[in-house]
Amino acid sequence: MESIRPQRLQPGIGFGPGSTGTLLSSLRPGVTVPTAPLLPPPASLCASSGPPPPLQLHSLHGTIGSAGLGTGMAGFGLCNPGNPAVLKEAVEAVVRSFAKHTQGYGRVNVVEALQEFWQMKQSRGADLRNGALVVYEMVPSNNPPYVCYVSLPGGSCFGSFQFCPTKAEARRSAAKIALMNSVFNEHPSRRITDDFIEKSVCEALASFNGNREEADNPSTGIGAFRFMLESNKGKSMLEFQELMTVFQLLHWNGSLKAMRERQCSRQEVLAHYSHRALDDDMRTQMAADWVNREQGLAGTIAQEVAATDRELEEARLAGQELRFHKEKKDILMLAVGQLGAANNATLPSTC
């Protein structure tokens, strides 16, 4: 029995008659979830020198309760400025402020500044398991507008949010939004503290008409929400969102639903995935589930890719954190590759 327990918590393992090692057709296709931005409201930049208001996480509990864990990140970030001009103004204000305090007045090289920021964090003892390297990824294109994504050492991802006539400008645009979020993530209000947990749980109770007993019971949705926050006390909002991306993907892929059907408790799922990084093995298992869906209903992957592309584009232009959307796209592309390899393996030999 103990040997089966870890398998029950794997995203792509089914049990029972006819199991093939992937989630079966009982799993619904992907459930897409919008992720709120990690941007401060422009007013806090332009009209006040005080700290930005704290992030709100309470809506996350709704997913923990209803879907088992995983989505409901809409309350995670601050409000989306909406207006591209206002977003650009907010980003430029933070970049100018950062340049003033680190390099003096004058034009700042945001690509270099972003890299130096994370190297500084590492030199000050930040736990960066994969090093301090900032990674850029250009979307292949021969014509403008050019698009660039940047992945931070912890895993968070941002993208160019402006019309970029050159590849260099796209790189700078991505670096600007990433630098903005990196800087604001250092503010004390972005840390999960006892006060923050208490406020978030109270807001969750009020939003979902819960009672205090639920917050103290880890088997309830609000109790699981509190457990997640307390398990990540001291972490920043970006660090917490990186963790929640795993649960978002598990929900989107149908894995959380499958785990519930295998009688996995919330505590088991939380304990297992709270300490597991998103890795190639997890992506491969999820991709195999989408291959299985495609084989059951042709066109499933193409439909999900189209939806994911739309979400990614909208989130990028809004300046939102993009890892959830990017990981979905990468998993779906991996599934396309697996499907092609499987089809080639079944073709008759020409020898």
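**Note on the predicted model: sheet, cores and aromatic pairs**

1. Strand β2 (residues 148–151) and β3 run antiparallel and are joined by 3 bridges. Within the pairing, S151 faces C157 of β3. The model under review is a predicted one.

2. These strands belong to an open sheet of 3 strands, ordered β1-β2-β3, with antiparallel pairing. Since β1 (135–138) and β3 (157–159) each have a single partner strand, they stand at the edges, and one side of each therefore lacks a neighbour in the sheet. From one strand to the next the twist averages 20°.

3. The largest nonpolar core comprises 40 residues, and F247, L250 and Y273 have the most contacts inside it. Two or more residues are contributed by each of α7 (194–207), α9 (221–231), α10 (237–253), α11 (255–261), α12 (266–273), α13 (280–296), α14 (300–317) and α15. Helix α10 supplies the largest share, 9 residues. A second core, separate from this one, has 32 residues, among them V95, V108, A113 and A132. As general background, nonpolar side chains tend to be buried together in soluble globular proteins.

4. Helix α13 merits a check of its length. Its 17 residues, at 1.5 Å a residue, should span 24 Å, and the C-alpha atoms at its ends are 24 Å apart, which agrees. The buried residues of α13 include polar or charged positions as well as nonpolar ones: R283, Q285, D289, R293 and E294 are listed together with M282, M286, A287, W290 and V291.

5. The count of aromatic pairs comes to 2. In one of them, the ring centres of F117 and W118 lie 5.8 Å apart with the planes at 75°; an angle over 60 degrees counts as edge-to-face, so the pair is placed in that class. F117 and W118 are both buried.

6. The rings of W252 and W290 have centres 5.1 Å apart and planes at 25°; this angle is under 30 degrees, so the pair is stacked. The pair links distant parts of the chain, with W252 in helix α10 and W290 in helix α13, 38 residues apart. Both W252 and W290 are buried.

7. Residue E327 is located in helix α15 (residues 323–346). With a relative accessible area of 7%, E327 falls under the 20% limit and is therefore buried. Leaving aside residues up to four places away in sequence, E327 touches L249, L278 and R283. Of these contacts, R283 is itself among the buried residues of α13.

Methods:
Residues are numbered from 1 along each chain as its sequence is written. This is a predicted model: local features need pLDDT of at least 70, side-chain atom pairs count only at pLDDT 80 or more; totals for chains, interfaces and linings use all residues. Side-chain values use heavy atoms; hydrogens and water are left out. Helices (H or I, at least four residues) and strands (E, at least two) are DSSP runs, numbered from the N terminus. Buried means under 20% relative accessible area, exposed over 50%, partly exposed in between (1.4 Å probe, protein chains only). Contact means heavy atoms within 4.5 Å. Two strands pair if DSSP finds at least two bridges between them. Axes are lines fitted to C-alpha atoms, for helices over the stretch in contact, and angles run from 0 to 180 degrees between N-to-C directions. A nonpolar core is a set of buried Ala, Val, Leu, Ile, Met, Phe, Trp, Tyr and Cys residues joined through side-chain atoms within 4.5 Å. The expected span of a helix is 1.5 Å times one less than its number of residues. Rings of Phe, Tyr and Trp (its six-membered ring) pair if their centres lie within 6.5 Å; planes under 30 degrees apart count as stacked, over 60 as edge-to-face and the rest as tilted.
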